[in-house]
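Me: I am new to this structure and would be grateful for a close look at a single part of it. Please begin with one helix and then follow its surroundings outward.

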Amino acid sequence: MPRVKHIVEDPQDPSMRLLLFSEAIAQPDLEGVSEEKILAVKEIVPLDVVQHEVVLDYSYWPVEHILKEILPAGCEVPSSFETIGHIAHLNLREDLLTYKKIIAEVILDKNPKLKTVVNKVGTITNEFRVPEFEILAGEPSLVTEIKQHGATFRLDYGMVYWNSRLEGEHKRLFAQFKPGQVIVDMFAGIGPFAIPAAQQGCAVYANDLNPTSVKFLKLNSDINKVGESIKAFNLDAREFMRKLVTEEEGCVGEIASSTLIAENSLNGTRIPSSKENSSSLTEGSDMPSSKKPEERKAKKAKVSEVVKMKISDVKPWEHFDHVVMNLPASALEFLDVLNGLLCKGRWKGTMPRVHCYCFMRSNETNADIVKKAETYLGGSIADPDVYVVRDVAPNKIMLCVSFNLPEEVAIAVTATEPAALDQNDALSLE
């Protein structure tokens, strides 16, 4: 019988233990059990066969089974949910909203590591792309803490954007960054790309329009001890990119160190420890780490050996290696800022690699998306890499389009730089 202990205390004598056989073994003569197994048990302890009743109460049954029993027939039971630290995030369909409170209470009961259950309300309409939530059960605080790939992230789930389902994509992308490289993150959020990049020896210019996201980006930079490698900006993404390559003195922004948020700015809310969050295994959550302690120690030692870059030593108007554009709803439109962005007289080295996230509808193809990117960029893209990140809806998927920024698109022709002459112009001058 699944999830039932095979050795239990004898209710008649607490000093004794009962070895439970399958419920199919119902006779005292143990019909159905091989003689070899019976003899093996008798060699260990005296064997006395008794009847024992196993009561399968509320504590035994999983969430899905309980909800099937208590919800009206025909209701499709929610089978999974996203977990963010101590928060369970539901997306209940309209037919289940009548029962939202009882659903939340059962989820909270059956997952002791969770403290709060929320449901997304309506569609996202604000400029920061942050959903509105209704708290269905548990503590009112949405300030929580999670771990991802050796980094700790603190966030206010009601004020900033976070998606735990993108953990694999975060790892896939920052694995492409090499120590000593310069990363530009146009829509950085609280730092899921920026902080791991800094941990592996990159310098990062991170921007977000949401001031709360920038606040937690700075805090997380301090928590993870990479503040000297990250410079944080709170600007429109186009303005951020232009300032990055034109304002040599200080390059604006703030070095993300010594920026710890005062405790009272978190409204005195309880933040479950990272130990609580990283060890929990709940429905809809990610599996806890399967790595052995010595493997985790080796990884931590390897991270500590990386020489972190100081952002103060970097000149982004001369070079950066990667541009991350993680705003799939509209990032394609921001490609226009890269056209003519760089100055030929100051830029050094190869062109940066751009990683632009977007959505693709079922009636579109990869070629359609690349064509759309070329239209906004204002130039042709050679050898684009189109990667499928995840299914968002039945007719909608999230993509990452990666390509090397074309030099002929990125380099601006300055007023002091003569335009190239065609053959007829050259002959007339002669």
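Which residues of helix α7 (residues 237-246) are buried?

Reply: The model shown here is predicted. Within helix α7, which spans residues 237-246, the buried residues are Ala237, Phe240, Met241, Lys243, Leu244 and Val245. A lysine, Lys243, is included in that list. The start of the helix has a contact of its own: Asp236 places a side-chain oxygen within 3.0 Å of the backbone nitrogen of Arg238.

The buried residues of α7 pack against four strands, namely β9 (182-185), β10 (203-207), β11 (230-233) and β14 (342-343). Two of these strands are also joined by a pair of aromatic rings. Tyr205 belongs to β10 and Phe233 to β11, so their pairing ties together parts of the chain that are 28 residues apart in sequence. The ring centres of Tyr205 and Phe233 lie 6.3 Å apart and the ring planes meet at 45°, so this pair counts as tilted. Both Tyr205 and Phe233 are buried. The helix takes part here as well, since ring pairs link Phe240 with Tyr205 and Phe233 into a cluster; Phe240 is itself one of the buried residues of α7.

Two cysteines may be considered alongside these strands. Cys202 has a relative accessibility of 0% and is therefore buried, whereas Cys343 is partly exposed because its value is 27%. The structure contains zero disulfides.

Aromatic pairing is found beyond this cluster, for the count of aromatic pairs comes to eight. One of them joins Phe133 and Tyr157, whose ring centres are 4.8 Å apart; with the planes at 15°, the pair is stacked. This pair links distant parts of the chain, 24 residues apart: Phe133 is in strand β6 (residues 132-138), while Tyr157 is in the loop between β8 (151-156) and α4 (167-174). Phe133 counts as buried because its relative accessibility is 15%, and Tyr157 is buried with a relative accessible area of 3%.

Phe133 leads on to a further buried residue, Asn119, which it contacts. Asn119 lies in strand β5 (residues 116-121), and its relative accessible area is 3%, so it is buried. Leaving aside neighbours within four places in sequence, the contacts of Asn119 are Leu90, Asn91, Leu92, Leu97, Glu132, Phe133, Glu134 and Leu136.

Another helix, α2 (residues 63-70), offers a second view of how buried and exposed residues are arranged. Its buried residues are Val63, Ile66 and Leu67. These cover an arc of only 95° around the axis, which means that they lie on the same side of α2. Lys68 and Glu69, by contrast, are exposed on the other side of the helix. The cover over the buried residues of α2 includes helix α3 (100-110).

Finally, rings in this model also meet charged side chains. The charged end of Lys110 sits over the ring of Tyr58, at 5.0 Å from the ring centre. Arg172 likewise lies over the face of Tyr387, where the distance to the ring centre is 3.8 Å.

Notes
Residues numbered from 1 in each chain as written. Predicted model: local features only at pLDDT ≥ 70, side-chain atom pairs only at ≥ 80, totals over all residues. Heavy atoms only, no water. Helix = DSSP H or I, 4+ residues; strand = E, 2+ residues; numbered from the N terminus. Buried < 20%, exposed > 50% of the residue type's maximum accessible area, 1.4 Å probe, protein only. Contact = heavy atoms within 4.5 Å. Polar contact = N/O pair within 3.5 Å; in protein donor to acceptor, adjacent residues only side chain to side chain. Phe/Tyr/Trp six-rings, centres within 6.5 Å; stacked < 30°, edge-to-face > 60°. Lys NZ or Arg CZ within 6 Å of the ring centre and 35° of its normal. Disulfide = S-S within 2.5 Å. Arc of directions from axis to C-beta.
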